[in-house]
Amino acid sequence: MNAERIKKFSGSIFISGFMASGKSTIGRQMAQELELPFYDLDDVIVEKEGRSINRIFEDDGEAYFREKEWQYLLELTQTTKGVISLGGGALQSQRVVDHLKIYGILVFIDTPFSAIVERVARNDKRPILWDENGKIKSKQTLYDELKTLYLSREKYYNQAQVSVNTSSLSAAEAAQKAIQKISRHV
């Protein structure tokens with residue numbers, strides 16, 4: 001059985017994808033199915049820093065956040081085994097991609113860009129939604145900024161050993177598809 005092969009795998013399963021792609025939802029579903037622990041890197045950061053991601057960005061900026069994200073990711077990869085959902089921007093360099101592939105299987109959750117834009121637009125907790133005056137950005141501005149950001153990360157997403165296109169799939173179906181594909185790599 002696919003799940004049994006994966007349970008014997010000594011590495012972790014790293015769930016990557018753009019913001020609002022469903023990484024945490026699909027990752028939790030996979031962890032439950034595989035009876036493995038689930039870790040959300042953003043939640044780990046919030047817990048260790050004692051403040052929200054938005055607050056970290058406001059107080060210390062993105063460079064500080066990315067430094068802490070890397071630090072806590074290193075800790076997770078070296079001390080845990082399970083399903084680990086990465087932040088949407090965690091794959092920011094080749095160094096991160098290479099590190100994750102040493103410690104496990106990298107999975108890309110490939111969600112249609114139109115769905116991502118809609119999800120981001122509905123979530124007022126996402127810093128990218130707001131302009132410098134505290135107003136919600138126009139749909140076109142938001143789309144353009146998200147597209148630019150996505151394209152800057154795409155080369156890293158494309159290096160995942162497993163890719164799951166979530167078009168017309170529920171989270172449970174996407175998790176099952178990922179498990180099937182991962183079982184071929186372990």
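# Reading helices, cores and buried residues

Author: This model is predicted. Take helix α5, residues 94-103, as the starting point: its buried residues are Val 96, Val 97, His 99 and Leu 100.

Reader: Within what arc do the buried residues of α5 fall, seen down the axis?

Author: They fall within an arc of 165°, so they line one face of the helix. On the other side of α5, Arg 95 and Ile 102 are exposed.

Reader: What covers the buried residues of α5?

Author: The cover includes strands β1 (12-16) and β4 (104-110), together with helices α4 (53-79) and α7 (139-157).

Reader: How many residues does the largest nonpolar core have, and which have the most contacts inside it?

Author: That core has 35 residues, and Leu 86, Leu 91 and Leu 146 have the most contacts inside it. Two or more residues each come from α3 (41-49), α4, α5, β4, α6 (113-122) and α7. Helix α4 gives the largest share, 7 residues.

Reader: Which residues does Leu 91 touch, not counting those up to four places away in sequence?

Author: Leu 91 touches Val 96, Val 97 and Leu 100, which are among the buried residues of α5. Its other contacts are Ser 16, Leu 86, Leu 106, Arg 153, Tyr 156 and Tyr 157. Apart from the largest core lies another, of 21 residues, among them Phe 9, Val 83, Ile 105 and Ala 175.

Reader: Ser 16 is in that list of contacts. Is Ser 16 buried or exposed?

Author: Look at the relative accessibility: under 20% counts as buried. Ser 16 has 1%, so it counts as buried. Its place is in strand β1. Leaving aside neighbours within four places in sequence, Ser 16 is in contact with Leu 86 and Leu 91, and also with Lys 23, Leu 106, Val 107, Phe 108, Ile 109 and Tyr 157.

Reader: Where is Thr 111 found?

Author: Thr 111 is in the loop between β4 and α6. With a relative accessible area of 5%, Thr 111 is buried. Leaving aside neighbours within four places in sequence, its contacts are Ser 21, Ile 116, Arg 119 and Thr 166.

Reader: How many residues apart in sequence are Thr 111 and Gly 22?

Author: They are 89 residues apart in sequence, while their C-alpha atoms are 7.8 Å apart in space.

Reader: What describes two packed helices?

Author: The angle between their axes and the distance between the axes. Here, α2 (residues 23-34) and α8 (residues 171-183) pack at an angle of about 60°, with their axes 8 Å apart. The two helices are therefore oblique to each other, and their crossing is right-handed.

Reader: Which residues make the contact between α2 and α8?

Author: From α2 come Thr 25, Ile 26, Gln 29, Met 30, Glu 33 and Leu 34. From α8, the residues include Ala 171, Ala 175, Ile 179 and Ile 182. Ala 175 also belongs to the core of 21 residues.

Reader: At roughly what angle do the axes of α3 and α4 cross?

Author: They cross at roughly 110° and come within 9 Å. That makes α3 roughly perpendicular to α4. The crossing is right-handed. Among the residues in contact are Leu 41, Val 44 and Ile 45 of α3, and Ile 53, Tyr 64 and Phe 65 of α4. Both helices give two or more residues to the largest nonpolar core.

Methods
Residues are numbered from 1 along each chain as its sequence is written. This is a predicted model: local features need pLDDT of at least 70, side-chain atom pairs count only at pLDDT 80 or more; totals for chains, interfaces and linings use all residues. Side-chain values use heavy atoms; hydrogens and water are left out. Buried means under 20% relative accessible area, exposed over 50%, partly exposed in between (1.4 Å probe, protein chains only). Helices (H or I, at least four residues) and strands (E, at least two) are DSSP runs, numbered from the N terminus. The arc is that of the directions from the helix axis to the C-beta atoms. Contact means heavy atoms within 4.5 Å. A nonpolar core is a set of buried Ala, Val, Leu, Ile, Met, Phe, Trp, Tyr and Cys residues joined through side-chain atoms within 4.5 Å. Axes are lines fitted to C-alpha atoms, for helices over the stretch in contact, and angles run from 0 to 180 degrees between N-to-C directions. Angles under 35 degrees count as roughly parallel, over 145 as roughly antiparallel, 65 to 115 as roughly perpendicular and the rest as oblique. A crossing is left-handed if the near helix is turned anticlockwise from the far one by less than a right angle, and right-handed if clockwise.
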